[in-house]
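Here is a short briefing on one protein model. Please keep the sequence and the 3D view open while reading.

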Amino acid sequence: MGEIVRLQKYIAMSGAASRRAAETMIDEGRVKVNGKTVGEQGVKVEIGADKVMLDGKELKIKEKKYYIMLNKPTGYVSTVKDQFDRPTVIDLVGGEIGTRIFPVGRLDYDTEGLLLLTNDGAITHKVTHPKFHTDKTYIAVISGGISVSGLHKLRHGVKIDNYKTAPADVEILDTSATKTMLEITIHEGKNRQVRKMFDAVGCKVIGLQRTRIGNIELGNLPLGRWRHLTSHEVNYLKNL
Ligand code: URA
């Protein structure tokens with residue numbers, strides 16, 4: 001659903017007239033909404049859904065675009081609505097954005113970290129479509145260790161489902177007696193790809209966090225919090 005505004009505001013937003021002048025135009029019977037002449041003030045319209053015409057010419061408004069990054073906690077689904085009524089990432093952004101935004105791709109319910117949200121479909125396409133090769137970096141914690149041959153396989157591509165992954169960049173960050181922390185950068189975004197890649201080399205992922213999409217970094221944004229992308233970050237995404 002688009003933003004809902006008063007008709008005279010819509011006319012002013014389209015650049016056709018000031019709000020005052022728009023009110024006069026409505027009084028003069030020059031404005032139609034969805035084919036019907038508007039006879040009174042106070043009518044509301046939905047941007048992007050209702051068709052507003054002035055003197056027979058359609059007035060269009062470019063919907064304001066929002067670009068947001070969220071540090072998604074585990075326990076949230078990356079969809080707008082969940083069939084099992086689990087909390088969604090949209091719940092975390094709340095009603096603070098006056099229009100509908102959508103997650104760009106997905107993070108699993110049990111994965112945390114960097115998730116982009118926007119109402120700009122072109123950006124969603126660029127970040128998620130394999131042909132743009134937008135790298136994604138994750139910190140994975142696996143239980144136990146990983147063999148040299150396991151690392152080698154991840155770095156050269158492994159078979160998951162019926163697909164061979166592109167070579168990944170993989171580095172060990174830390175090891176302990178019971179677990180290993182690695183950084184892995186992949187070039188595609190198959191469903192549960194990182195977990196499946198580790199599975200394919202006999203390792204179980206017990207924690208997963210996305211830290212980077214292309215050049216966009218999660219940085220020190222606290223878990224569960226969101227912020228608008230900077231104009232620099234937005235331009236980077238547009239130029240992918
Ligand atoms: N890979 C996974 O396994 N899970 C995610 O959420 C993202 C990438």
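The points below cover domains, voids, two buried polar residues and two backbone outliers.

This is a predicted model. The protein is assigned two domains, domain 1 (4–59) and domain 2 (67–233). The largest pocket holds about 580 Å³ of space, while the largest cavity has a volume of about 30 Å³.

**Domains**
- The domain assignment places residues 4–59 in domain 1 and residues 67–233 in domain 2.
- The centres of domain 1 and domain 2, taken over C-alpha atoms, are 44 Å apart.

**Largest pocket**
- The volume of the largest pocket is about 580 Å³.
- Its lining counts 28 residues, and those closest to the centre are Arg-106, Leu-107, Asp-108, Asn-191 and Arg-192.
- Two helices and two strands give two or more residues each to this lining: helix H4 (121–128), helix H6 (193–200), strand E10 (136–143) and strand E15 (205–213).
- By residue class, the pocket lining splits into ten charged, ten nonpolar and eight polar residues.

**Largest cavity**
- The count of cavities of 30 Å³ or more is one.
- The largest cavity encloses about 30 Å³.
- Its lining consists of Tyr-67, Ile-68, Val-104, Leu-116, Leu-117, Thr-118, Ile-123, Leu-229 and Leu-237.
- E7 and strand E9 (112–118) supply at least two lining residues each.
- E9 gives the largest share of the cavity lining, three residues.
- The cavity lining has eight nonpolar residues, one polar residue and no charged residue.

**Asn-71**
- Asn-71 sits in strand E7 (residues 67–72), a strand that also supplies at least two residues to the lining of the largest cavity.
- Is Asn-71 buried or exposed? Its relative accessibility is 5%, so Asn-71 counts as buried, the limit being under 20%.
- The Asn-71 side chain reaches the backbone oxygen of Leu-221 at 2.9 Å.
- Leaving aside residues up to four places away in sequence, Asn-71 touches Gly-113, Leu-218, Leu-221, Pro-222, Leu-223, Gly-224 and Arg-225.
- Leu-221 is thus named twice, as a polar partner through its backbone oxygen and among the residues touched.

**Thr-134**
- Thr-134 is found in the loop between H4 and E10. Both of these elements give two or more residues to the lining of the largest pocket.
- Thr-134 has a relative accessible area of 4%, and because this is under 20% the residue is buried.
- The side chain of Thr-134 comes to 3.2 Å from the backbone oxygen of Lys-126.
- Residues up to four places away in sequence aside, the contacts of Thr-134 are Lys-126, Val-127, Ile-186, His-187, Ile-213, Gly-214 and Leu-240.

**Positive phi outside glycine**
- Asp-161 is not a glycine, yet its phi is positive at about 50 degrees.
- The loop between strand E11 (159–160) and strand E12 (163–164) holds Asp-161.
- Asp-161 has a relative accessible area of 60%; this is over 50%, so Asp-161 is exposed.
- Arg-192 also has a positive phi, near 50 degrees, and is a residue other than glycine.
- Arg-192 belongs to the loop between strand E14 (179–186) and H6.
- With a relative accessible area of 35%, Arg-192 is partly exposed.
- Arg-192 is also among the residues closest to the centre of the largest pocket.

Note on methods
Residues numbered from 1 in each chain as written. Predicted model: local features only at pLDDT ≥ 70, side-chain atom pairs only at ≥ 80, totals over all residues. Heavy atoms only, no water. Helix = DSSP H or I, 4+ residues; strand = E, 2+ residues; numbered from the N terminus. Buried < 20%, exposed > 50% of the residue type's maximum accessible area, 1.4 Å probe, protein only. Polar contact = N/O pair within 3.5 Å; in protein donor to acceptor, adjacent residues only side chain to side chain. Contact = heavy atoms within 4.5 Å. Domains from an automatic or database assignment. 1 Å grid on protein atoms, 1.4 Å probe; cavity = no way out; pocket = protein on both sides within 12 Å on 5 of 7 lines; lining within 4 Å. Points joined across faces, edges and corners; volume = space filled by probe spheres on them. Nonpolar A, V, L, I, M, F, W, Y, C, P; charged D, E, K, R; others polar.
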